[in-house]
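Here's a quick briefing on charges, rings and contacts. Have a look at the model first, then read on.

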Amino acid sequence: MQTLFVQVKCQLGKAYDVADTAVESVDEVSEVHSTSGNYDLMLTCYLDDGVDIGRFVNEKVQTIEGIRDTYTIIGLKAFR
């Protein structure tokens with residue numbers, strides 16, 4: 001299992017729409033947080049091993065209406 005955190009910059013006034021669409025239409029998105037700072041949202045995504053991360057972000061995340069920019073962070077190890 002691959003863990004990704006995708007920070008999302010939205011068009012003005014679209015953050016809630018983008019969050020709703022990400023949760024409802026992208027199965028790999030586990031949760032969406034609104035954030036302060038340079039990005040509006042952070043998506044937590046879980047991909048099966050071997051899934052092309054770049055293709056996933058390009059085709060399933062960046063195509064959501066209202067997204068202006070993304071920044072992807074690959075999780076290496078989860079600690080409890």
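Which helix does Glu24 lie in? Glu24 sits in helix H1, which covers residues 15-25. Keep in mind that this is a predicted model. The rundown below goes through the charged surface, then the salt bridges, then the aromatic pair.

**Negative patch**
- Glu24 is one member of a negative surface patch, and its partners there are Asp17, Asp20 and Glu65.
- With a relative accessible area of 66%, Glu24 counts as exposed, because the cut-off for that label is over 50%.

**Salt bridges**
- The structure has 2 salt bridges in total.
- One of them joins the side chains of Lys60 and Glu28, at 3.0 Å from N to O.
- Lys60 belongs to helix H2, while Glu28 is in the loop between H1 and E2, so this bridge ties together parts that are 32 residues apart in sequence.
- Lys60 itself is partly exposed, at a relative accessible area of 40%.
- Arg55 makes a salt bridge with Glu59, and here the closest N and O atoms are 2.8 Å apart.
- Arg55 and Glu59 are 4 residues apart in helix H2, so about one helical turn separates them.

**More on Glu59**
- Helix H2, home to Glu59, runs over residues 53-61.
- Glu59 comes out as partly exposed, its relative accessible area being 43%.
- If you go from Glu59 to Arg80, you cover 21 residues in sequence and 32 Å in space, C-alpha to C-alpha.

**Aromatic pair**
- There is 1 aromatic pair in the structure.
- It's made by Tyr39 and Tyr71, whose ring centres are 6.2 Å apart with the planes at 35°, so the pair is tilted.
- Why not call it stacked or edge-to-face? Stacked needs planes under 30 degrees apart and edge-to-face needs over 60, so an angle that falls outside both ranges is labelled tilted.
- The two rings link distant parts of the chain, 32 residues apart: Tyr39 is in the loop between strand E2 (29-34) and strand E3 (41-47), and Tyr71 is in strand E4 (residues 67-75).
- Tyr39 is buried, with 15% relative accessibility, because anything under 20% gets that label.
- Tyr71, on the other hand, is partly exposed at 46% relative accessibility.

Technical notes. Residues numbered from 1 in each chain as written. Predicted model: local features only at pLDDT ≥ 70, side-chain atom pairs only at ≥ 80, totals over all residues. Heavy atoms only, no water. Patch = residues over 30% accessible without salt bridge, like charges linked within 9 Å, V, L, I, M, F, W, Y side chains within 5 Å. Areas by Shrake-Rupley, 256 points an atom, 1.4 Å probe, with all protein chains shown as cover. Salt bridge = Lys/Arg side-chain N within 4 Å of Asp/Glu carboxyl O. Lys, Arg positive; Asp, Glu negative; His and termini not counted. Charge placed at Lys NZ, Arg CZ, Asp CG, Glu CD. Helix = DSSP H or I, 4+ residues; strand = E, 2+ residues; numbered from the N terminus. Buried < 20%, exposed > 50% of the residue type's maximum accessible area, 1.4 Å probe, protein only. Phe/Tyr/Trp six-rings, centres within 6.5 Å; stacked < 30°, edge-to-face > 60°.
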